[in-house]
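Visitor: Could you walk me through a few of the labels used for this protein, and the reasoning behind them?
Guide: Gladly, let's take them one by one.

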Amino acid sequence: MDAVRVQEADFSIEAEVTALRRASSRIGGIATFLGCARDFSEGREVAAITFEQYAPMAAKALGALREEALVRFDIIEARIVHRVARVTPGEQIVLIVVGAEHRAPAFEACRWLIDELKRRVPIWKREETPAGERWVTPHP
Amino acid sequence: MSVRVLLFGAVAERTGRRELSLDADAVADVADVVAAAGCRDGETLLVAVNHELVRDPRARVRDGDEVALMPPFSGG
């Protein structure tokens, strides 16, 4: 499994953590961020979310993010998986897993990766609400 | 020869198309591509040329380039 992926299928946190741990036995702390689909957003019920991506640029941007995190933070390995599919409330959307010798850089890099992913990776979500479908406007 | 233009999300919806091909001789820069694609003035648009974000509307566009016109990202 590649360390960064955009895929339609659901992912396994266990499998990603296991793959991360295989990278090095020096990893002492692992931080994860899991993003899930909500059933309510900006005052409206949400029945489902459909994602769209610009595939070649998304793959490139995710790979660059991981590389930058490995340089910027004192971490050993990082994995990022983002789904592009129609998902219903409760389903998994995105996973970031970061391994470091110690917890502080693992947490910091994990936070930085999800924040930068939202800013830099060309993926969009469209929500199905009782008032119809709408593209989501990002909030900072 | 041509410049391939790809439109995404709300931008594709507003303009009614997801892809178009422009004559490379008819577009000199990013601003020309945005105008030719029918994007609205003042619309918040992110532009990538060959998969790299470009901030300058006067950035050159050349034959064979792939230009993406994108709304602000909302992944994650």
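Guide: What follows is a short conversation about a predicted model.

Visitor: Why is S25(A) called exposed?
Guide: Its relative accessibility is 79%, and exposed means over 50%, so the label fits S25(A). You will find S25(A) in the loop between α1 (13–22) and β2 (29–36) of chain A.

Visitor: What makes K60(A) and E52(B) a salt bridge?
Guide: The closest N and O atoms are 3.0 Å apart. A salt bridge needs that nitrogen and carboxyl oxygen within 4 Å, so K60(A) and E52(B) qualify.

Visitor: How do you know that this pair joins two chains?
Guide: K60(A) lies in helix α2 (residues 55–72) of chain A, while E52(B) belongs to strand β4 (residues 52–54) of chain B, so the pair joins two chains.

Visitor: Why is K60(A) described as partly exposed?
Guide: Its relative accessible area is 40%. Partly exposed lies between the 20% and 50% cut-offs, so K60(A) belongs there.

Visitor: And what makes R126(A) buried?
Guide: R126(A) has a relative accessible area of 17%; buried means under 20%, so R126(A) is counted as buried.

Visitor: Which salt-bridge distance does R126(A) have with E133(A), and which with E13(B)?
Guide: With E133(A), the N to O distance is 2.5 Å. With E13(B), the closest N and O atoms are 2.7 Å apart. That second pair crosses between chains, from helix α1 (residues 9–15) of chain B to strand β9 (residues 123–129) of chain A.

Key:
Residues are numbered from 1 along each chain as its sequence is written. Chains are lettered from A and ligands numbered from 1 in the order in which they are written. This is a predicted model: local features need pLDDT of at least 70, side-chain atom pairs count only at pLDDT 80 or more; totals for chains, interfaces and linings use all residues. Side-chain values use heavy atoms; hydrogens and water are left out. Helices (H or I, at least four residues) and strands (E, at least two) are DSSP runs, numbered from the N terminus. Buried means under 20% relative accessible area, exposed over 50%, partly exposed in between (1.4 Å probe, protein chains only). A salt bridge is a side-chain nitrogen of Lys or Arg within 4 Å of a carboxyl oxygen of Asp or Glu.
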